[in-house]
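Good morning, and thank you for the time. I should like to present one model, beginning with the surroundings of its ligand and ending with its charged side chains.

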Amino acid sequence: MPGGGFSASVPPAGVEFEAKITPIVIVSCIMAATGGLMFGYDVGVSGGVTAMPHFLKKFFPVVYRRTQQGDDSNYCKYDNQGLQLFTSSLYLAGLTATFFASYTTRRLGRRLTMLIAGIFFIAGVAFNVAAQNLAMLIVGRILLGCGVGFANQLLGPENSTAHAVPLFLSEIAPTRIRGGLNILFQLNVTIGILFANLVNYGTSHIKSQWGWRISLGLAGIPAALLTVGSLLVTDTPNSLIERGRFEEGKAVLRKIRGTDKIEPEFLELVEASRIAKEVKHPFRNLLKRRNRPQLVIAVALQIFQQCTGINAIMFYAPVLFKTLGFGGSASLYSTVITGAVNVLSTLVSIYSVDKVGRRMLLLEAGIQMFLSQTVIAIILGIKVKDHSEDLHTGFAVLVVIMICTFISAFAWSWGPLGWLIPSETFPLETRSAGQSVTVCVNLLFTFVIAQAFLSMLCHFKFGIFLFFSGWVLIMSCFVFFLLPETKNVPIEEMTERVWKQHWLWKNFMVDDGFDDDEPKKNGHRNGFDPVSQL
Ligand code: BGC
């Protein structure tokens, strides 16, 4: 999920406000991390349980029979719309809930929205753990998806839907480490996925229904943490200020920072909130010609991110490994390896994104992903016939290595950068709308991959990996020609230093007037004095 979340009190101008690390800051960071873990756990858990015979027997007897009989094509054993819906429904629900969540965040504040998310998560886990039939299972996933939709509003950059000003990470982080800090959220997601992979591996050894029930049930731990946490933390100062509760906002700020010297930061928040309110028609602004480059890039990055095929692996690796003839335990074990590679490679991204830049990472990863997918397709094409026996061990190891090569490239490029780049390129006037569009397009395409992959595998066979590698080629060309470098460029200077310098996008940077909706770049206009709000 989206990057962002932790706030370091550094305003764009580089002036540091006084701030201590108070318990409430620590709790808030834990909550933000929990949201990422929770999302990651839900991404990783479904594929593992899908590969468990007890689970299949209970909910998908048709698929179970196919896996036992072996007279269907290897590639088609798991091709079942219901099975795919079990994974995909979460993302469709998340997409829908995102719209409601932006409303509750605005009206009720972050704390209550967090509580709502936690309750959805707990209800979803309860339905999943107790599931007696497919309907209960899917309802559980839908409720989890609603939780994700609401949690998005709190933890990702899209919280700007309610707080469209310099308070989310990409804006407040010092420019030189903006990328690395932003990717911390993605790191939590990958840790959540790995955790789910490990749990699935452990519970697969339980030879009863309890295996999958425990796997699905453990998602209850972060869900409970999130819910209890929302009862413990206070509402954020920016959320209170935004709703006109200035005195309370100030009091909370004092508490959070652990000092009485909060006036400068408070003024900044008030000003930020005022600017946010000035942006009256963010969606209309988004369609203006001068904002086309950022919109095209954000939408393209989300579609491309999903078309790398990453979630075919994240969701269905255990099933894929079983398709290749791995045993149940070996598939889950191999999935743990790929999950660990995902986490470690995300660290590489945190370290290098502000040094080598976004383009370099994306282009290098493009080559790596293209080659690894092509090699996987060749091995499968030669070795995995429709009704062949197991893949020879040597080839099986090679496939796992190639999948790890692919994942590592994704994890230091398209994974985190798909979220980072939109969060640092949208200008203030379109930030809230831009981030919402970014999240929605991502969830939509995640849904499509989750719902279609097993059917595509059945029809395309090994060719599915050539299909994804074709996309990787297209997206690498997109990066090469159309994606400008944003490393070390302060957000306020993007237009001058990035867009106006680009061979194509500069044509869109015509000054088409200063309308009412548009606040000035430095945030101060018409001699407004934030002190008047005190
Ligand atoms: C993507 C998710 C994916 C995850 C894998 C994220 O950036 O948005 O769809 O599951 O990376 O680590």
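Helices (H or I, at least four residues) and strands (E, at least two) are taken here as DSSP runs, numbered from the N terminus. With that convention, helix α7 gives three residues to the shell around the ligand, the largest share. This is a predicted model, in which local features need pLDDT of at least 70, side-chain atom pairs count only at pLDDT 80 or more, and totals for chains, interfaces and linings use all residues. Residues are numbered from 1 along each chain as its sequence is written, and side-chain values use heavy atoms, with hydrogens and water left out.

Let me stay with the ligand. A residue is near the ligand if one of its heavy atoms lies within 4 Å of it. There are 13 residues around the ligand, and Q186, Q305, N311, N342 and G415 come nearest. By type, the shell holds five nonpolar residues, eight polar and no charged; here Ala, Val, Leu, Ile, Met, Phe, Trp, Tyr, Cys and Pro count as nonpolar, Asp, Glu, Lys and Arg as charged, and the others, Gly among them, as polar.

Which atoms lie 3.0 Å apart between Q186 and the ligand? They are an N or O atom in the Q186 side chain and an oxygen atom of the ligand. From G415, a backbone N or O atom lies 3.1 Å from a ligand oxygen. For W419, a polar side-chain atom is 3.2 Å from an oxygen atom of the ligand. On its own the ligand has 320 Å² of accessible area, of which the protein covers 99%; such areas come from the Shrake-Rupley method with a 1.4 Å probe, and for residues only the protein chains shown count as cover.

I turn now to the charged side chains. Side chains of opposite charge can pair when their charged atoms come close. A salt bridge requires a side-chain nitrogen of Lys or Arg within 4 Å of a carboxyl oxygen of Asp or Glu, and the count by this rule is eight. E263 pairs with K250, with 3.8 Å between the closest N and O atoms. This pair links distant parts of the chain, 13 residues apart: E263 belongs to helix α12 (residues 263-278) and K250 to helix α11 (residues 246-257). E493 and R497 form another salt bridge, at 2.7 Å, and E496 meets K500 at 3.0 Å, N to O. Finally, salt bridges join D354, R358 and E424 in a network.

How values were computed
A polar contact is a pair of N or O atoms within 3.5 Å; within protein, one must be able to donate a hydrogen and the other to accept it, and residues adjacent in sequence count only if both atoms are side-chain atoms.
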